[in-house]
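The following exercises introduce a single protein chain. Each task is followed by a solution in steps.

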Amino acid sequence: MQSLRMIENWPVPTAAAAVVRADGSVAGAYGPLEHRFPLASVTKPLAAYAALLAVEEGAVELDEPAGPEGSTVRHLLAHTSGLAFDEPRPMAEPGTRRIYSNAGFEALGDHIAKATDIPFPQYLHEAVLVPLGMTATELPGSPAKDGVSTVADLIRFAAELQAPRLLAPQTLAAAPQVVFPGLSGVLPGYGHQKPNDWGLGFEIRDGKSPHWTGASSSPRTFGHFGQSGTFLWVDPDARAACVALADRAFGPWAIEAWPPLTDAVLAELAQTA
């Protein structure tokens, strides 16, 4: 895809990107696909997928207590547990505010580790990474932000997010639906959003503005971006997903560069549909 060549002009040392169709085929890829990048918060969708597998296996339930008092697994996945951004300190009653929380995902990882008697990084490895053949991906620390992966591996995950082999289709279909609708909150890097809709571990595009996806992205688009200069989105209306990884911290360059890439990708997909 010619649109992916836009990453050549990004002010970053290294970048790679790919587009994956809903049938799992690769529409295009560009850059060093085997280069390992820190994912930052693009780790969260991987951790959420492992959590949903734990639910399906019966190890945990979405509505069982987890995290601070009154919170559940569902609250932790949807950033509504009330925990602060980067410390396990309650700032609100569960279910009342959308407080984006690394601490919440770390509490989620601890909860699943206790329920399964398996350290969360190992659980993610065995439940998600090995079955999908994501051999270059690892989680050396926090399930909120410490993943490392390649575009080649995330192509496999992007395919799974569109045609699941590990999760039941109905489980995956529920993940990008709004959980606790109507809650406002801050989308990191993009300011206060009302509402700041989120699913089970996935951020939902809806009508948010400004946003890291494109002006032509459908409201149903879901995914995540990371402060290390990374993003992954799935647009069900376009029947495609896009992953882009870079090694420069998120900042004004990404705010300027990401939406035009997404719009160009969507336009090229529409021309070839």
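The model is predicted.

**Exercise 1. State which elements the buried residues of α4 pack against, and describe the course of this helix**.

Solution.
Step 1. The buried residues of α4 pack against α1 (43–57), α3 (102–116) and α5 (151–160).
Step 2. The residues in question are Phe120, Tyr123, Leu124, Ala127, Val128, Leu129 and Leu132.
Step 3. Helix α4 covers residues 120–132, and at 1.5 Å a residue its 13 residues should span 18 Å. The C-alpha atoms at its ends are 17 Å apart, which agrees with that expectation.
Step 4. At Glu126, α4 bends by about 35°.
Step 5. After α4 comes Gly133, with a positive phi near 70°.

**Exercise 2. Decide whether Thr262 and Glu256 in α7 are buried or exposed**.

Solution.
Step 1. Both positions belong to helix α7: Thr262 is placed there, and Glu256 lies there too.
Step 2. A residue is buried under 20% relative accessible area and exposed over 50%.
Step 3. Thr262 has 0% relative accessibility and therefore counts as buried. Leaving aside neighbours within four places in sequence, Thr262 is in contact with Thr213, Gly214, Ser217, Phe231 and Trp233.
Step 4. Glu256 has 60% relative accessibility and therefore counts as exposed. The C-alpha atom of Glu256 is separated by 26 Å from that of Asp153, which is 103 residues apart from it along the chain.
Step 5. For the helix as a whole, the buried residues include Trp253, Trp258, Pro259 and Glu268. Among the elements covering the buried residues of α7 are β1 (15–21), β2 (26–30), β8 (222–226), β9 (230–235) and β10 (240–246).
Step 6. The 21 residues of α7 reach 31 Å from the first C-alpha to the last, close to the 30 Å expected at 1.5 Å a residue.

**Exercise 3. Describe the largest pocket and the second largest pocket by volume and lining**.

Solution.
Step 1. The largest pocket holds about 360 Å³ of space, and the second largest holds about 190 Å³.
Step 2. The lining of the largest pocket consists of 18 residues, with Ala173, Pro176, Arg220, Phe222 and Pro236 nearest its centre. Helix α6 (residues 169–174) gives the most to this lining, namely 3 residues.
Step 3. By character, the lining of the largest pocket comprises 13 nonpolar, 2 polar and 3 charged residues.
Step 4. For the second largest pocket, helix α7 (residues 252–272) supplies the largest share of the lining, 4 residues. Among the residues lining this pocket are Arg21, Asp23, Arg239, Leu266 and Thr272.
Step 5. Its lining divides into 7 nonpolar, 1 polar and 3 charged residues.

**Exercise 4. Locate the residues Ala40 and Arg239, whose phi is positive although neither is a glycine, and two cis peptide bonds**.

Solution.
Step 1. Ala40 has a phi near 50° and lies in strand β3 (residues 37–40). Its relative accessibility is 13%, so Ala40 counts as buried.
Step 2. Arg239 has a phi of about 55° and is placed in the loop between β9 and β10. Its relative accessible area is 56%, so Arg239 is exposed. Arg239 also helps to line the second largest pocket.
Step 3. A cis peptide bond joins Lys194 and Pro195, with omega about 0°. Pro195 is found in the loop between β6 (191–193) and β7 (203–204).
Step 4. Ser209 and Pro210 are likewise joined by a cis peptide bond, with omega about 0°. Pro210 is in the loop between β7 and β8.

How values were computed
Residues are numbered from 1 along each chain as its sequence is written. This is a predicted model: local features need pLDDT of at least 70, side-chain atom pairs count only at pLDDT 80 or more; totals for chains, interfaces and linings use all residues. Side-chain values use heavy atoms; hydrogens and water are left out. On a 1 Å grid over the protein atoms alone, a cavity is a set of points where a 1.4 Å probe fits but cannot get out, and a pocket is an open set with protein on both sides within 12 Å along at least five of seven lines; lining residues have an atom within 4 Å of a point. Grid points are joined across faces, edges and corners, and a volume is the space filled by probe spheres set on the points. Helices (H or I, at least four residues) and strands (E, at least two) are DSSP runs, numbered from the N terminus. Ala, Val, Leu, Ile, Met, Phe, Trp, Tyr, Cys and Pro count as nonpolar, Asp, Glu, Lys and Arg as charged, and the others, Gly among them, as polar. The expected span of a helix is 1.5 Å times one less than its number of residues. The bend at a residue is the angle between axes fitted to the seven residues ending there and the seven starting there. Buried means under 20% relative accessible area, exposed over 50%, partly exposed in between (1.4 Å probe, protein chains only). Contact means heavy atoms within 4.5 Å.
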